[in-house]
Amino acid sequence: MRRRYAGGKFLTTLTFIFLYLPILVLIIFSFNSTKSRTIWSGFTFDWYKELFSDGAIMSSLEVTLLVSVLAAVIATVIGTFAAIGFYNMKRQWRAPLLTVNNIPMVNADIITGVSLSLLFVSAGAILRFELGFGTLLIAHISFNVPYVILSVMPKLYQLDRNLFEAAQDLGCTWFKTIYKVIIPEVMPGIINGMLIAFTMSVDDFVISYFTAGNVQTLSMTIYAMTRRRISPKINAISTLLFAVVLILLIIVNVREARQMKAVEKKDKILKGAD
Amino acid sequence: MSNQNSSLRRKASGFWSRNRKKAIAYPYVIWMAVFVVVPIILVAVYAFTSSAGAFTFDNFRTIPEYAGVFWRSLWLALVATAICLLIGYPVALAISRMTTRSQRIMMLLIMLPMWINFLLRTYAWMSLLENTGLINRALGAIGVFDLINNLNSGRAGYVPIDHFQLINTNGAVILGMVYNYLPFMILPIHSVIIKIDPFVIEAAQDLGADHGKVFRKVIFPLSLSGVISGITMVFVPSVSTFVISKLLGGGTTLLLGDLIEMQFLGAAYNPHLGSAISLIMMLIVVICMSIMNRFGEGEEQAVLI
């Protein structure tokens with residue numbers, strides 16, 4: 001028994017080394033004083049300085065942040081309303097609609113990207129517009145909404161059905177019911193969905209690549225850089241992004257742990273009252 | 001009387017409000033129609049038409065020329081999926097036996113690399129696998145190449161080597177797939193295994209099953225839904241990738257994704273052929289999904305953690 005555990009633990013350790021070694025190397029060489037990716041020749045912050053003075057990188061970072069925030073917010077609004085609507089539908093309507101909703105999530109990214117680019121190019125030929133920030137934003141909203149719905153739906157099913165009627169009996173209009181009762185109740189799901197949508201947008205390369213036209217997102221700039229001259233600036237971006245992700249994850253987890261503690265405390269108090 | 005009236009009114013308002021509540025989904029239904037359904041129909045239309053707009057099967061007739069690319073894509077994706085399963089399953093199982101606290105930390109550590117842009121994750125391997133990369137340097141430093149050169153020095157026409165060709169090979173592409181998508185295998189398997197009732201395992205042990213038998217007859221069958229969703233989540237992005245093959249395969253190993261990308265944005269601009277290939281790839285994904293749905297009903301949530 002012990003030995004079998006040891007084998008699994010050994011493999012797990014190896015897996016973690018496999019997962020983190022390349023990232024570690026990437027981070028270390030972002031501080032290397034020469035352009036070499038393999039020979040260490042001294043510590044420097046030069047690549048970070050160059051990074052911040054690189055116009056292409058900074059403007060693509062702006063595009064990425066702008067499109068991600070806009071797409072996440074819009075997708076959250078559309079997705080939350082859609083989830084509430086789906087929830088109130090009969091199964092026979094809901095099931096096929098949810099299947100269509102799942103398509104962007106299960107389809108390969110390249111298919112989503114290519115099919116949207118066909119739509120934009122054909123529509124653009126008729127309506128006289130070109131691929132750009134607008135089409136990029138629409139594409140991002142499209143692949144974000146399903147994740148918002150997926151994270152809001154389960155929260156809706158956890159609601160007490162009587163809540164709707166209670167609200168209406170107490171004189172709420174349908175809009176007020178949604179705005180004052182339902183949305184606050186499913187807020188954790190909405191926030192979660194928005195966070196997932198935001199990270200999906202920041203991380204996306206393939207779909208942006210096919211729908212952005214001449215606009216460059218950070219992913220697209222990185223792709224162009226890896227195809228051209230190798231520069232430690234890429235390592236510097238990686239390190240910064242890694243640090244941001246790490247900090248975000250720590251914040252989210254501390255928050256979750258606190259929430260769980262608060263729930264436990266509430267439970268205890270309620271039980272004590274009994 | 002007035003009571004009846006108000007209940008009638010409430011019924012009516014209930015009816016209307018239910019319809020209205022449904023109605024707030026309609027904007028998204030229209031959105032899906034325009035930006036999900038229509039684009040896929042467009043792919044199908046492009047696949048069956050020529051650039052002049054006439055109906056044709058020609059796009060599919062040219063596909064056999066690319067049979068090699070199809071098989072290579074399927075083969076590399078299958079190998080990568082198998083390796084992910086062979087590594088991912090034992091790791092998921094080992095993690096599921098830790099305390100709840102360490103499981104949480106382990107899962108976070110598995111997910112953390114996924115949060116880093118995957119271009120950068122793939123790029124990281126370039127500097128390791130290059131001919132003058134860290135792996136070849138390390139091997140040289142411990143004298144591996146000297147040893148090989150010495151062993152072969154007697155042979156006629158032997159050219160001494162100073163590196164292994166690691167990058168720009170099929171192996172490098174598979175490595176890139178495994179590295180990028182391994183978490184997708186571990187997460188769903190882990191989330192299914194931890195849901196297995198420990199009493200079921202205990203019952204099997206009480207009934208005389210040894211560890212091997214408990215695994216074969218209880219744990220593995222019960223975790224099958226996680227395995228299936230893991231396989232799909234690794235296979236689909238692997239079979240459709242074009243970034244990994246470009247960065248680690250050096251453009252020498254053409255994959256399905258490369259082929260599609262070339263038809264839409266590359267030099268070989270031909271969206272009709274690209275659509276035909278995309279349609280076939282969609283078919284592969286749909287087949288994959290329907291197999292998954294047969295085995296793993298209702299595991300979509302496990303997939304998203």
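**Note on a buried helix in chain B and a helix pair in chain A**

1. B:Q263 is buried, its relative accessible area being 2%, and this value, like the others below, comes from a predicted model. Since buried here means under 20% relative accessible area, the assignment of B:Q263 follows directly from its 2%.

2. B:Q263 belongs to helix α14 of chain B. Leaving aside residues up to four places away in sequence, the contacts of B:Q263 are with B:A268, B:Y269, B:N270, B:P271, B:L273, B:G274 and B:I277.

3. The helix that carries B:Q263 spans residues 256-264 of chain B, and because 8 of its 9 residues are buried, α14 is largely enclosed by the rest of the structure. Besides B:Q263, the buried residues of α14(B) include B:L256, B:G257, B:D258, B:L259, B:I260, B:E261 and B:F264.

4. In chain A, helix α4 (residues 91-106) and helix α6 (residues 133-158) have axes that come within 8 Å of one another and cross at roughly 135 degrees. That angle makes α4(A) oblique to α6(A), and the crossing of the two helices is left-handed.

5. Which residues make up the contact between α4(A) and α6(A)? From α4(A) come A:R94, A:L98, A:N101, A:P104 and A:M105, and these meet A:S142, A:P146, A:Y147, A:I149, A:L150, A:M153 and A:Y157 of α6(A). By class, the residues of this contact comprise 9 nonpolar, 2 polar and 1 charged.

Key:
Residues are numbered from 1 along each chain as its sequence is written. Chains are lettered from A and ligands numbered from 1 in the order in which they are written. This is a predicted model: local features need pLDDT of at least 70, side-chain atom pairs count only at pLDDT 80 or more; totals for chains, interfaces and linings use all residues. Side-chain values use heavy atoms; hydrogens and water are left out. Buried means under 20% relative accessible area, exposed over 50%, partly exposed in between (1.4 Å probe, protein chains only). Helices (H or I, at least four residues) and strands (E, at least two) are DSSP runs, numbered from the N terminus. Contact means heavy atoms within 4.5 Å. Axes are lines fitted to C-alpha atoms, for helices over the stretch in contact, and angles run from 0 to 180 degrees between N-to-C directions. Angles under 35 degrees count as roughly parallel, over 145 as roughly antiparallel, 65 to 115 as roughly perpendicular and the rest as oblique. A crossing is left-handed if the near helix is turned anticlockwise from the far one by less than a right angle, and right-handed if clockwise. Ala, Val, Leu, Ile, Met, Phe, Trp, Tyr, Cys and Pro count as nonpolar, Asp, Glu, Lys and Arg as charged, and the others, Gly among them, as polar.
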